[in-house]
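Thanks for sharing this one with me. Here are my notes, set out point by point so that you can follow them with the viewer open.

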Amino acid sequence: MDRPMTNEEQIIEIDKAISSILRTGQSYKIGSRALTRADLGTLRAMRKDLLAASEDNGTDLFSNTFVAVFDRR
């Protein structure tokens, strides 16, 4: 039975695709056949979105928030 991939599984697959592009290039041609892989920018954007979604699932609403206190002394 097929099930949807989790965010973590999708991130792993995207990392593999990015690694493949970085190792062998965005596209290549052998004879009359050509292969173009997924767009690197699109993959990076998808990865960023999935990481953000994974962080949003935590219980801490302000996990990525910082506080600065400016005291006039």
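The points below go from the overall layout to the core, the salt bridges and a few single residues.

1. **Overall layout.** Please keep in mind that this is a predicted model. The protein has two helices and two strands, and from the N terminus on these elements follow the order α-β-β-α. Of the contacts with a separation of 6 or more, 44% are between residues 24 or more positions apart.

2. **Burial and surface.** Out of 73 residues, 11% are buried. The exposed area of the protein comes to about 6700 Å², with carbon and sulfur atoms supplying 55% of it.

3. **Helix 1.** This helix covers residues 7-24. Its 18 residues reach 26 Å from the first C-alpha to the last, close to the 26 Å expected at 1.5 Å a residue. Its buried residues are Ile11, Ile14, Ile18, Ser20 and Ile21. Just after helix 1 comes glycine 25, with a positive phi of about 105°.

4. **The nonpolar core.** Which residues make up the largest nonpolar core? There are seven in all: Ile11, Ile14, Ile18 and Ile21, together with Leu40, Leu43 and Leu50. Helix 1 and helix 2 are the elements that give two or more residues to this core, and the largest share, four residues, comes from helix 1. A general point about helices helps when looking at such a set: an α-helix has 3.6 residues a turn, so residues three or four places apart point the same way.

5. **Isoleucine 18.** This core residue is a good one to click on. Setting aside neighbours within four places in sequence, isoleucine 18 is in contact with Leu40, Leu43, Arg44 and Arg47. Two of these partners, Leu40 and Leu43, are also members of the core.

6. **Salt bridges.** How many salt bridges does the structure hold? There are three, and points 7 to 9 take them in turn. As background, side chains of opposite charge can pair when their charged atoms come close.

7. **Aspartate 15 and arginine 47.** These side chains meet in a salt bridge, at 2.4 Å from N to O. Aspartate 15 lies in helix 1 and arginine 47 in helix 2 (residues 40-56), so the pair ties together parts that are 32 residues apart in sequence. Aspartate 15 is partly exposed, at 30% relative accessible area, and arginine 47 is partly exposed too, at 29%. Arginine 47 is also one of the contacts of isoleucine 18.

8. **Lysine 16 and glutamate 13.** Here the N to O distance is 3.4 Å. Both residues lie in helix 1, three residues apart, which is about one turn of the helix. Is lysine 16 buried or exposed? Lysine 16 counts as exposed because its relative accessibility is 51%, and the cut-off for exposed is over 50%. Glutamate 13, at 39%, counts as partly exposed.

9. **Glutamate 9 and arginine 3.** The side chains of this pair meet in a salt bridge at 2.8 Å, N to O. Glutamate 9 counts as partly exposed, at 28% relative accessibility, whereas arginine 3 counts as exposed, at 54%.

10. **Serine 20.** Serine 20 is found in helix 1. Why does serine 20 count as buried? Its relative accessible area is 17%, and buried means under 20%. Apart from residues up to four places away in sequence, serine 20 touches Gly25 and Arg37. Gly25 is the positive-phi residue from point 3.

11. **A nonpolar surface patch.** Tyr28, Ile30 and Leu35 form a nonpolar patch on the surface, and together they have about 290 Å² of accessible area. Within this patch, isoleucine 30 is exposed, with a relative accessible area of 61%. Isoleucine 30 belongs to strand 1, residues 27-30.

12. **Alanine 53 and asparagine 7.** One last pair to look at in the viewer: alanine 53 and asparagine 7 are 46 residues apart in sequence, and their C-alpha atoms are 8.0 Å apart in space. Alanine 53 lies in helix 2 and counts as partly exposed, at 28% relative accessibility.

Conventions. Residues are numbered from 1 along each chain as its sequence is written. This is a predicted model: local features need pLDDT of at least 70, side-chain atom pairs count only at pLDDT 80 or more; totals for chains, interfaces and linings use all residues. Side-chain values use heavy atoms; hydrogens and water are left out. A salt bridge is a side-chain nitrogen of Lys or Arg within 4 Å of a carboxyl oxygen of Asp or Glu. Buried means under 20% relative accessible area, exposed over 50%, partly exposed in between (1.4 Å probe, protein chains only). The expected span of a helix is 1.5 Å times one less than its number of residues. A nonpolar core is a set of buried Ala, Val, Leu, Ile, Met, Phe, Trp, Tyr and Cys residues joined through side-chain atoms within 4.5 Å. Contact means heavy atoms within 4.5 Å. Accessible areas come from the Shrake-Rupley method with a 1.4 Å probe; for residues, only the protein chains shown count as cover. Patches are made of residues with over 30% relative accessible area and no salt bridge: like charges are joined within 9 Å, nonpolar side chains (Val, Leu, Ile, Met, Phe, Trp, Tyr) within 5 Å.
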